Amino acid sequence: MAASLSDISKHLTDEIIEKAFEFHTNDKSKFIKVARAAPAGEGLLGAVYRVTVTGQKNTASFIVKGLVGDTLLRKSLGCAKYFKREVFFYSQILPSLLEFEKELGAEHSIQNHVPICYTCVLDGENDFIILEDLLESNCVVLSVNPTRHQRDVSLSVIAHIHAVSMALRIKNPKDFARIANAIPEIYYNEDNREWYSGYLQNAIEINKTIINEYEDSKSIYYKKFYEIVDNDVYSQFIELLNPSVENSVLNHGDAWCLNFLCSEDRSVAIDFQLIRCASPATDLAYFIILCGNHCKVKEDFFEAVDIYYKSFEFYIQDLGLNANEVFPKENLLSDLKNFGKFGLLASLTSIPLLASKRCDVLESFKDKYSKMEQIPLEDLWRLSPINDEEQKMRVVNAVRVTVDVGLI
């Protein structure tokens, strides 16, 4: 728990919160309370707080994201660069998309699928973002076993982001290029290869143990799995995320279940720290595969693709374009064949993390790692062997489904 706003950032003052509260409620603030919002192990790249404001007539809350306080952890995770990327999304990309929608007369705003940003500050040391608290809209974070409704409405969010950005690329290519050039791949790039390699190898070894247990060495699933994991996985990530592909769109970049919230009448994506330009197949395949309880056979996979594409058709039509002309379904299926492998590779690194105890970003790491300039990622995101049958089957089904649908 933070004792005060200054524990989040020295630039975050009562006046800033009061201004957001007045804008949100048209009321005057009387009392401000700060508490931790994300449980330990969540918010892997930043610190997340809930700021509750009691006014003269109303009470409201906001989500405030800040840099982790421990300077060694901040450096080790590269928190500042990811925070900068998210600030760029809220301060530059999102306003451009909203203005573009307005110009085209769209009835359905992407803002309904993204938290409202009230303000942000970026200096590399005391960064913060003040966002809408989705709990006020009765939105809850998806679990690793989302309901079918939760999966489907989250697919609609992904489709909306893709549709608006594809329309921007088609209608205003210079504006799209400006955004694309400003957000080169931030996670899977050569600069991060050494930092990520130990963690990646640990994840691969855990997955190998599971596949060895469940698949015969002569099976197609066993052979296809080993073909990709024994072939420089990191370079495959880089190749699959080429921003210059024909159907490039804005990708959420980290489309696992924990980054989506929904209620009965609203669905929202959060955490845009890894936003990138790439094929829509990368977001889509990753999300579908990680919804493991709804992706056990190839029919499940294609059902989810159909739901995504129907939403894409709806939102691209809302922008005055015809999906069959700008991105027919056969093109999506082709992209899935060419780039959907990303979904499996990313899932193979995520499932072991979901099954393990994750580090608490509010802990102090300086004393424990006092002799290090940078904490290895594999020490921060410690992976444990997967013993739970359900978690093992997530890995097994992920491999089987991607083989059966032709992604690998």
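## Sheets, helices and cores in a predicted model

Three strands, β6, β8 and β9, form an open sheet in that order, and their pairing is antiparallel. The edge strands are β6 and β9, since each pairs on one side only. This is a predicted model, in which local features need pLDDT of at least 70 and side-chain atom pairs count only at pLDDT 80 or more, while totals for chains, interfaces and linings use all residues. Residues are numbered from 1 along each chain as its sequence is written, and side-chain values use heavy atoms, with hydrogens and water left out.

Some terms come up throughout. Helices (H or I, at least four residues) and strands (E, at least two) are DSSP runs, numbered from the N terminus. Two strands pair if DSSP finds at least two bridges between them. Contact means heavy atoms within 4.5 Å.

**Strand pairs**

The table lists three antiparallel pairs.

| Pair | Residues | Bridges |
|---|---|---|
| β1 and β2 | 29-36 and 47-55 | seven bridges |
| β2 and β3 | β3: 59-66 | eight bridges |
| β6 and β8 | β8: 260-262 | two bridges |

Look at single positions next. Arginine 36 stands opposite tyrosine 49 in β2. Alanine 47 has glycine 66 of β3 as its bridge partner. β2 and β3 form a hairpin, with three residues between them. In β8, cysteine 262 is the bridge partner of valine 140.

Helix α4 packs on the sheet of β6, β8 and β9 and touches each of these strands. The direction of α4 makes about 120 degrees with that of β8. Such angles run from 0 to 180 degrees between N-to-C directions; axes are lines fitted to C-alpha atoms, for helices over the stretch in contact.

**Cores**

Helix α4 (residues 148-171) also gives the largest share of the largest nonpolar core, 11 residues. That core has 125 residues, and Phe301 and Phe312 have the most contacts inside it. A nonpolar core is a set of buried Ala, Val, Leu, Ile, Met, Phe, Trp, Tyr and Cys residues joined through side-chain atoms within 4.5 Å. Buried means under 20% relative accessible area, exposed over 50%, and partly exposed in between (1.4 Å probe, protein chains only).

Leaving aside neighbours within four places in sequence, phenylalanine 312 touches Ala159, His162, Ala163, Met166, Ala323 and Phe327. Another core, of 17 residues, lies apart from the largest one. Among its members are Tyr49, Val53, Val64 and Ile130.

**Two helices that cross**

Helix α7 (residues 220-229) and helix α15 (residues 389-404) pack at about 95 degrees, with their axes 10 Å apart. They are therefore roughly perpendicular to each other (65 to 115 degrees; under 35 is roughly parallel, over 145 roughly antiparallel, and the rest oblique). From α7, the contact uses Ile220, Tyr221, Lys224 and Phe225; from α15, Val399, Arg400, Val403 and Asp404. By class, that makes five nonpolar, no polar and three charged residues.

**Single residues**

Asparagine 138 is not a glycine, yet its phi is positive, about 65 degrees. Asparagine 138 sits in the loop between β5 (128-132) and β6 (140-141). With a relative accessible area of 60%, asparagine 138 is exposed. Aspartate 271 also has a positive phi, near 60 degrees. Its loop lies between β9 (267-269) and β10 (276-278).

Glutamine 236 belongs to helix α8 (residues 233-240). At 6% relative accessibility, glutamine 236 counts as buried. Beyond neighbours within four places in sequence, glutamine 236 contacts Ile228, Asn231, Lys341 and Leu345.

Terms used
Ala, Val, Leu, Ile, Met, Phe, Trp, Tyr, Cys and Pro count as nonpolar, Asp, Glu, Lys and Arg as charged, and the others, Gly among them, as polar.
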